[in-house]
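Here's a quick briefing on how two chains sit against each other. Have a look at the model first.

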Protein chains: 2
Amino acid sequence: MSAIQTNVEAASASYSSSFTQGHLALPPAKKYLVLTCMDARIDPARAFGIDLGDAHVIRNAGASAADALRSIIISQQLLGTHEIVLVKHTGCGMLTFGNGDAYGLVGQNLGQDAVEELRQKEFDFLPFPELEKAVVEDVAFLKGSKLVPESVAISGWVYEVETGKTRRVV
Amino acid sequence: MSAIQTNVEAASASYSSSFTQGHLALPPAKKYLVLTCMDARIDPARAFGIDLGDAHVIRNAGASAADALRSIIISQQLLGTHEIVLVKHTGCGMLTFGNGDAYGLVGQNLGQDAVEELRQKEFDFLPFPELEKAVVEDVAFLKGSKLVPESVAISGWVYEVETGKTRRVV
């Protein structure tokens with residue numbers, strides 16, 4: 001067992017020993033979803049004020065709306081959410097590379113078979129060069145999608161990893 | 001401004017007022033990633049023992065490994081993680097419907113244009129009928145992928161929303 005796995009078991013014993021929220025329902029109580037980045041420096045529950053049971057939290061590299069579309073449709077159509085809070089952040093890794101760089105690293109570390117698999121899928125790592133522009137574009141993508149109801153409220157934000165602040169962009 | 005948006009602003013003011021971790025580096029300090037579900041009843045930081053800055057956290061509907069592949073490659077190839085903790089959970093919404101149900105709801109709520117868009121993309125909502133089997137299959141998918149290095153340690157777990165416990169499956 002790795003140190004990480006031992007840590008999960010210890011956290012489970014500690015967390016469950018004082019756990020009192022086994023009664024929560026499957027659908028999010030406050031009927032919204034938060035889409036943010038996988039970045040290790042973000043704790044959505046505390047930074048964005050999400051109590052357990054209140055909201056779906058979707059996280060991927062860069063808080064990409066396109067990448068999250070499957071989860072968003074399920075959240076809205078099967079579990080009744082009708083508001084989206086989209087949060088990208090300062091210092092995001094997605095600002096630091098392009099698809100060519102990522103393909104190059106995959107080739108170097110995993111070989112040409114792996115690159116060929118990416119090429120066959122026309123794999124896009126979805127990096128972006130400008131943070132606030134990317135927030136605006138992802139909100140526009142969701143507002144323009146046939147797969148997201150027009151009645152859904154969508155706001156776009158930037159979380160500052162340097163200050164712990166979350167500020168609205170759109 | 002909606003009540004949800006007001007809540008984000010209040011959380012930002014409160015969280016940032018005592019924030020002391022603006023110095024954390026972009027790459028996860030403990031070099032691992034957690035993949036879990038977007039379910040509102042999961043707080044990964046507390047339930048799985050993740051300190052701020054230690055691990056990437058990827059979340060989507062059902063903790064799908066296939067859906068998370070872009071984020072996983074970026075985490076490993078650009079940000080140096082080399083262990084995956086995959087956690088699905090009891091009471092998951094993905095156990096409760098099939099693709100036909102999801103297509104039906106989209107048609108009913110968003111119209112035939114939306115369904116046509118799904119069909120053109122051969123859109124798969126990735127539901128699963130058996131929880132532990134799905135954990136085993138997703139771990140096998142990652143272990144078999146050319147896009148994940150063989151040296152990466154991968155474990156599969158189930159979080160119990162009723163008890164707050166996380167138990168290992170594979």
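What follows covers the interface, its polar links and the symmetry.

This is a predicted model, so keep in mind that local features need pLDDT of at least 70 and side-chain atom pairs count only at pLDDT 80 or more, while totals for chains, interfaces and linings use all residues. Residues are numbered from 1 along each chain as its sequence is written, chains are lettered from A in the order in which they are written, and side-chain values use heavy atoms, with hydrogens and water left out.

**The interface**
- Chain B puts 85 residues into the contact and chain A puts in 85 residues (contact means heavy atoms within 4.5 Å).
- Together they bury about 7400 Å², with 63% of it on carbon and sulfur atoms (accessible area, 1.4 Å probe, lost on being put together and summed over both parts).
- Y15(B), M38(B) and R70(B) supply 11% of the area chain B buries against chain A, more than any other three residues.

**Salt bridges**
- The rule finds four salt bridges across the interface of chain B and chain A (a side-chain nitrogen of Lys or Arg within 4 Å of a carboxyl oxygen of Asp or Glu).
- One salt bridge joins the side chains of K146(B) and E117(A), at 3.8 Å, N to O.

**Symmetry**
- A turn of 180° and a shift of 0.0 Å along the axis lay chain B on chain A with an RMSD of 0.0 Å (least squares on C-alpha atoms of residues with pLDDT of at least 70 in both).
- That's the relation of a two-fold axis.
- R59(B) comes closest to the rotation axis of the residues of chain B, at 2.3 Å (C-alpha).
- The copies meet through the same surface, because 100% of the interface residues of chain B are also interface residues in chain A.

Methods:
Buried area = accessible area lost by both parts, 1.4 Å probe.
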